[in-house]
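Me: Could you take a close look at how this protein is divided into domains, and put that in the setting of the whole chain?

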Amino acid sequence: MTRKIFFYKYHGTGNDFILIDNRDFSFHIENNELIKHLCHRRFGIGADGLILLENTNKADFKMQYFNSDGNLSSMCGNGGRCIVAFAKYLGIIDNTTQFLAPDGMHSAELTPSGVALQMKDVSQIEQVGQDFYLDTGSPHYVKLIDSHENFDTVSEGQKIRYNNRFNKVGTNVNFVSVENNKIILSTYERGVEDETYSCGTGTVATAIVLGLLNGKEEQELHTKGGILKVSYTKKGEAFKNIILEGPVEQVFQGEILIKNRSKQL
Ligand SMILES: N[C@@H](CCC[C@H](N)C(=O)O)C(=O)O
């Protein structure tokens, strides 16, 4: 028998996601093969990840995030911005919200230019040679490079993501250059195992690293899929009140046909 599940497709600066209203818990999160299939760009809908909006008694809603490999993962900044717009679309929230995400509670608001999302405070930043490693809700390695011209983010990203240190748990890898006064960022994402057009937690990690070096508390970063703004307050060693802001867009609605593909659904 074929079952149908309604889905929505959103992107935040080109980081694209399948969103499902799972307040009735009818979509089973153990179904990693189905999630992987839905995210497949040839055989499925195609997306960098899948996000479930669920009920919780602790906040307006709960966000569950899966990478396109089908596995439940840590925080997704662009996905967090998309789910806020989705909650507004569903009439769950008005213009401000508190919601529960994989790394804890977040507050967010809809702004004229999209969604501004408060990210978790960051105080531990490890220097690795000339590079940096930090957790902004998800783990991020940040490397400063001279230029993105002829730079291969996938192969350079894989060298770090699969090195002895990160091979098992993985890391996202960000490359940043400053060209013509523009901050240009590219990201190799674990769990997608490819370059994505933008990564919210990676943009925050990169802005923090740049903030350590240039002292600025507000920066605009250019990703492949658009511009994201990051601001924060630096208190001693800690970066607090971190806000990630940028556009989000609902681009599709449709029905997923479940043809006995999965035992759980
Ligand atoms: N695209 C995301 C990051 C998603 C999580 C990442 N792939 C991981 O598993 O660490 C973002 O916008 O932050």
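Reply: Here's the domain split, followed by the overall picture.

Quick ground rules: this is a predicted model, where local features need pLDDT of at least 70 and side-chain atom pairs count only at pLDDT 80 or more, while totals for chains, interfaces and linings use all residues. Numbering runs from 1 along each chain as its sequence is written, and side-chain values use heavy atoms, with hydrogens and water left out.

The protein splits into domain 1 (2-110 + 249-259) and domain 2 (125-246), with bounds that come from an automatic or database domain assignment. Their centres, taken over C-alpha atoms, sit 23 Å apart. In the contact between them (heavy atoms within 4.5 Å), domain 1 puts in 17 residues and domain 2 puts in 21.

Zooming out, you've got 4 helices and 17 strands, counted as DSSP runs: H or I of at least four residues for helices, E of at least two for strands, numbered from the N terminus. The radius of gyration is 18 Å, close to the 18 Å from the globule rule for 265 residues, so the protein is as compact as a globular protein of that length. That radius is taken over C-alpha atoms, and the rule is 2.2 Å times the number of residues to the power 0.38. The C-alpha trace spans about 55 × 40 × 30 Å along its principal axes.

As for contacts with a separation of 6 or more, 61% of them come from residues 24 or more positions apart. Finally, 51% of the 265 residues count as buried, meaning under 20% relative accessible area with a 1.4 Å probe, protein chains only.

Definitions and conventions: Buried means under 20% relative accessible area, exposed over 50%, partly exposed in between (1.4 Å probe, protein chains only).
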